[in-house]
Amino acid sequence: MQHKPILENQLVSGLKRCGVNLTELSAAHKALGAAVSGGADSVCLLTGLCSVCSEYSIPIKVITVNHFIRADSETCGDAEYVEDLCASFKQKGFDVSCTVYNLKRGQVQELSDLKGCGIEAAARELRYNAFDSFIKENNLDYLCLAHNKNDQTETVLMRFLQGSSGTAKEGIPYVRGSYVRPLLWTSRDCIEEYLNSKKIGWRTDLTNTDTAYLRNRIRGKLIPLLNQDFPGWDNAVLLGLEKESLDSQCLQNQAQDFFNRFMGEGISTPVSQLAFPGPDFYSLDRAIKLRVLTLALNALGINERIPYVFLRDVCDYADNYNRRNNSNCGQSVKSFADVSLVFSQNELLIKKSADLQNEIVFSVIIKESGICELPSGQFFVPDIFDFPVMLRSCRLDDVVRTADGGTKKVNDVLSDWHVPVWQRNCIPVVQALNEPEQNIIGILGSCLGYSDWIVKLDNKNENK
């Protein structure tokens, strides 16, 4: 009797953990969906599903999305490779069909400009819109995505370094609605070994080596160091994450119950304001307060990242109201961007204020690499500067050095990154203190999920 490859056993186990019952799918004559980009992870997912699903006579419906944000030779080449791969599996007797979803040229950039978000975020939104349509058109219960164990550890490290908390720090969910990730417990090494054993190739996205992206720096620099000096660290982190997720979900449920008690469960479109009874909100545990505030901001349509430091200050203020608990507290307002929170003894009012202008000014001298607390939250300052340096909010006339020895306005860089105007003062610039001109040598956009602009000060300046 021939044994299944290790990866296929892990895939079957992953499907079960995601709630996918292959026997029931087969009995209902339903297909299983798979999103395939052409990279090693998704090619492995498709290959493994072909083997596993053939035993149950379950068809596989594949979707690949052509974003048109890279050169045609790359982006169209990826789509063609996926089509050809599906056709080759079909010739071998596997029940596979492929749909190529082509976005319009420039569509990703248009959404990026409209929403003031990065290209990757805009591409992701459009990709998932295509996935949603594909699920409905094919009456799928599940669409398999190819995120793996390495993606999970990279995500956890990235969000930790960005100071994320709560559900954001829990990493990639293995189930979200119809989306399932059965390879989330499988390592990238195992994936590549499986494909090599099958003599199946894959496409490589050249941007995966671009260290301008925080994830790529974590993958190329931090993780190899951890692997060398702290063997087994990734399993320990993921086990800790699993336990923390249980606690976090309990807190999130309590916050949702509190929110629903006063707001109801039917808020489907953003509202302009909402309010909680003061004594009820002020007396909540801080962990619940933070989550209720996040739910409230989401209900207002505020999906941008609100700095933890601001939310912490709101909780401090709420604690003071709770401690004083008298009729002479008066009314106070705390605000950030276009959100204002009005405190009174009997009520906390949270509302959008379109005309509100809130200037954030900060500066701190950094003498060595390490964690620094900024208005956007805790942030890791990498060991790439000639310390000491100053981290401060940007000014209208700030310029940063470029690779060719010239300069560029910091606001122009932030505009290129599609950073909303209200959020720009939260992104720190790095000012050199060990030179007479004290020029700006960096912009640390990764504290809010954007790129970093770093100028290496050596014989030849290099801008990343």
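1. In this predicted model, the side chains of strand β7 alternate along its length. L274 and F276 point to one face and are buried, whereas Q273, A275 and P277 point to the other face and are not buried. A student may follow this pattern residue by residue through the strand, from Q273 to P277.

2. Strand β7 belongs to an open sheet of 4 strands, whose order is β7-β10-β9-β8 and whose pairing is antiparallel. Strands β7 (273-277) and β8 (332-336) stand at the edges with a single partner strand each, so one side of each is left without a neighbour in the sheet. From one strand to the next, the twist averages 15°. As general background, the strands of a sheet pair through backbone hydrogen bonds, in either a parallel or an antiparallel manner.

3. Which strand is joined to β7 by bridges? The partner is β10 (residues 347-352); the two strands run antiparallel and are joined by 5 bridges. Two individual pairs may be located in the structure. Q273 has K351 of β10 as its bridge partner, and L274 has I350 of β10. Of these two residues of β7, L274 is on the buried face, while Q273 points to the other.

4. Strand β9 (residues 339-343) is mostly covered, with 5 of its 5 residues buried. Are its two faces covered or not? Both are covered: V339, L341 and F343 lie on one side, S340 and V342 lie on the other, and all of these residues are buried. In β7, by contrast, L274 and F276 are buried, but Q273, A275 and P277 on the other face are not.

5. The pairing of β9 may be traced on each of its sides. With β8, strand β9 pairs in the antiparallel sense over 5 bridges, and S335 stands opposite S340 of β9. With β10, strand β9 is again joined by 5 bridges, and these strands also run antiparallel; here V339 has K352 of β10 as its bridge partner. Strands β9 and β10 form a hairpin, with 3 residues between them.

6. The helices deserve separate attention. Helix α3 (residues 40-54) has 15 residues, which at 1.5 Å a residue should span 21 Å; the C-alpha atoms at its ends are 21 Å apart, so the expected and computed values agree. This helix is mostly covered, since 13 of its 15 residues are buried.

7. Helix α1 (residues 6-17) packs against α3 at an angle of about 85°, with the axes 10 Å apart. The two helices are therefore roughly perpendicular. Their contact involves L7, E8, L11, V12 and L15 of α1, together with C44, L45, G48, L49, S51 and V52 of α3. By residue type, this contact comprises 8 nonpolar, 2 polar and 1 charged.

8. A further helix pair is formed by α7 (residues 149-161) and α10 (residues 233-263), whose axes come within 10 Å and cross at roughly 70°. These helices are therefore also roughly perpendicular to each other. From α7, the residues K149, Q152, T153, V156 and L157 meet W233, D234, N235, V237, L238 and L241 of α10. The residues of this contact divide into 6 nonpolar, 3 polar and 2 charged.

Notes
Residues numbered from 1 in each chain as written. Predicted model: local features only at pLDDT ≥ 70, side-chain atom pairs only at ≥ 80, totals over all residues. Heavy atoms only, no water. Pairing = 2+ DSSP bridges. Axes fitted to C-alpha atoms, helices over the stretch in contact; angles between N-to-C directions. Expected span 1.5 Å × (residues − 1). Buried < 20%, exposed > 50% of the residue type's maximum accessible area, 1.4 Å probe, protein only. Parallel < 35°, antiparallel > 145°, perpendicular 65-115°, else oblique. Contact = heavy atoms within 4.5 Å. Nonpolar A, V, L, I, M, F, W, Y, C, P; charged D, E, K, R; others polar.
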